[in-house]
Amino acid sequence: MEPYVILNAAMTLDGKIATRTGSSEISGPEDLIRVHQLRKDLDSIMIGINTVLKDDPRLTVHKIPSQKSDNPLRVVTDSKARTPLNYRILNDEAPTLIAVSQKAPRDKINELINKGKNVDVILTGEKRVNLTILMDELAQRGIRTLMLEGGSTLNFSMLQEGLVDEVRVCVAPLIAGGVDAKTLVDGYGVDLMRDAFKLELVKKYELGKDLVLEYKVINF
Ligand SMILES: NC(=O)c1ccc[n+]([C@@H]2O[C@H](COP(=O)([O-])OP(=O)(O)OC[C@H]3O[C@@H](n4cnc5c(N)ncnc54)[C@H](OP(=O)(O)O)[C@@H]3O)[C@@H](O)[C@H]2O)c1
């Protein structure tokens, strides 16, 4: 069975997950603890290659007491295998799976594989990573839960493929504006509001200065 997917993000009141320049420190310290607890509770965590390139994240559990074994499997959708070899996502703090497509140069795939025993590569999809096949592959590897940590392009594809079960957002009392600032979900979007992805609010609470909203995705 495909992993249970929770899309989690911090956003401003106007739905931005980063500013035009890529600045993305949005939520307060209490939310960072919530995020790290969620990482600890789940089997895997996935981001798109643009988030890797912009933020160079570690994607580990490090803001709460933890040990190395608490770190989830890190998954990156990276069709052309652009993940830089010296980025923190490939460090030995946790295992990492780079999902690439047929567009990825063979040499770079080999360089990633040779990076160490913590790094694995899966090839799926012609031009872009086939997310449904990737989820099946994760399930076969024993992954039951996945935290989707963005960015907006990958969030859209995952919703469009019907692969997201829950959406959790931490809304900070900030407004960033900017037509070029990334929102929670970008991609092509839907043409008609009646085709928008439907959610049901299941939980809401204040967290420091922020507001956390948890929704179930209603598939039909
Ligand atoms: N506030 C938050 O909680 C939060 C969380 C995460 C990210 N962010 C911000 O979001 C920004 C990055 O977002 P982004 O939308 O530019 O990029 P992204 O979603 O991180 O990465 C998208 C890229 O993933 C690759 N990809 C491979 N297969 C895909 C598929 N089937 N569907 C979609 N993408 C696929 C594509 O590049 P290739 O074709 O080259 O593979 C695509 O352009 C950063 O500024 C980051 O700081 C904020």
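The legends below describe close-up views of a predicted model.

**View 1. Helix α5 and its covered face.** Helix α5 is mostly covered, with seven of its nine residues buried. The buried residues of α5 are Ser152, Leu154, Asn155, Phe156, Ser157, Met158 and Leu159. They pack against β1 (4-12), β2 (44-48), β3, α4 and β6. Just after the helix, Gly162 takes a positive phi of about 70°.

**View 2. Asn155 within helix α5.** Asn155 belongs to helix α5, which spans residues 152-160. The relative accessible area of Asn155 is 1%, so this residue counts as buried. With residues up to four places away in sequence not counted, Asn155 touches Leu7, Leu148, Gly150, Leu184 and Val185. Thr19 is 136 residues from Asn155 along the chain, and the C-alpha atoms of the two are separated by 17 Å.

**View 3. The salt bridge between Asp31 and Arg34.** The structure holds 10 salt bridges, and one of them joins the side chains of Asp31 and Arg34 at 2.7 Å, N to O. Both residues lie in helix α1 (residues 29-41); because they are three residues apart there, about one helical turn separates them. Asp31 is buried, at a relative accessible area of 2%. Arg34 also counts as buried, at 13% relative accessibility.

**View 4. The network of Asp120, Glu137 and Arg141.** Asp120 and Arg141 form a salt bridge in which the closest N and O atoms are 2.9 Å apart. Asp120 is in strand β5 (residues 119-123), whereas Arg141 is in the loop between α4 (131-140) and β6 (145-148), so the pair ties together parts that are 21 residues apart in sequence. Arg141 forms a salt bridge with Glu137 as well, and here the closest N and O atoms are 2.8 Å apart. Through shared partners, these salt bridges join Asp120, Glu137 and Arg141 into one network. Asp120 is partly exposed, with a relative accessible area of 34%. Arg141 is partly exposed at 38% relative accessibility, and Glu137 is partly exposed with a relative accessible area of 23%.

**View 5. Arg144 in the loop between α4 and β6.** The loop that joins α4 to β6 contains Arg144. Arg144 is exposed, and its relative accessible area is 59%. Apart from neighbours within four places in sequence, Arg144 is in contact with Pro3, Tyr4 and Asp43. The C-alpha atom of Arg144 is separated by 8.8 Å from that of Val5, although the two residues are 139 residues apart along the chain.

**View 6. Lys108, a buried lysine without a salt bridge.** Lys108 sits in helix α3, residues 106-113. This lysine is buried yet has no salt bridge. The nearest side chain of opposite charge is that of Glu111, 5.4 Å away, whereas a salt bridge requires the nitrogen and the carboxyl oxygen to be within 4 Å. When neighbours within four places in sequence are left aside, the contacts of Lys108 are Ala81, Arg82, Thr83, Pro84 and Leu85.

**View 7. The positive surface patch.** Lys80, Arg82, Lys103, Lys127 and Arg128 form a positive patch on the surface. Among them, Lys80 is found in the loop between β3 (73-77) and β4 (96-100). Lys80 is partly exposed, and its relative accessible area is 45%. Arg82, another member of the patch, is also among the contacts of Lys108 shown in View 6.

**View 8. Glu126 in the loop between β5 and α4.** Glu126 is part of the loop that runs between β5 and α4. At 63% relative accessibility, Glu126 counts as exposed. Neighbours within four places in sequence aside, Glu126 is in contact with Ser101, Gln102 and Lys103. Of these contacts, Lys103 is a member of the positive surface patch in View 7. Glu126 and Val100 are 26 residues apart in sequence, and their C-alpha atoms are 9.2 Å apart in space.

Definitions and conventions. Residues are numbered from 1 along each chain as its sequence is written. This is a predicted model: local features need pLDDT of at least 70, side-chain atom pairs count only at pLDDT 80 or more; totals for chains, interfaces and linings use all residues. Side-chain values use heavy atoms; hydrogens and water are left out. Patches are made of residues with over 30% relative accessible area and no salt bridge: like charges are joined within 9 Å, nonpolar side chains (Val, Leu, Ile, Met, Phe, Trp, Tyr) within 5 Å. Accessible areas come from the Shrake-Rupley method with a 1.4 Å probe; for residues, only the protein chains shown count as cover. Lys and Arg count as positive and Asp and Glu as negative; His and the chain ends are not counted. The place of a charge is taken as NZ of Lys, CZ of Arg, CG of Asp or CD of Glu. Helices (H or I, at least four residues) and strands (E, at least two) are DSSP runs, numbered from the N terminus. Buried means under 20% relative accessible area, exposed over 50%, partly exposed in between (1.4 Å probe, protein chains only). Contact means heavy atoms within 4.5 Å.
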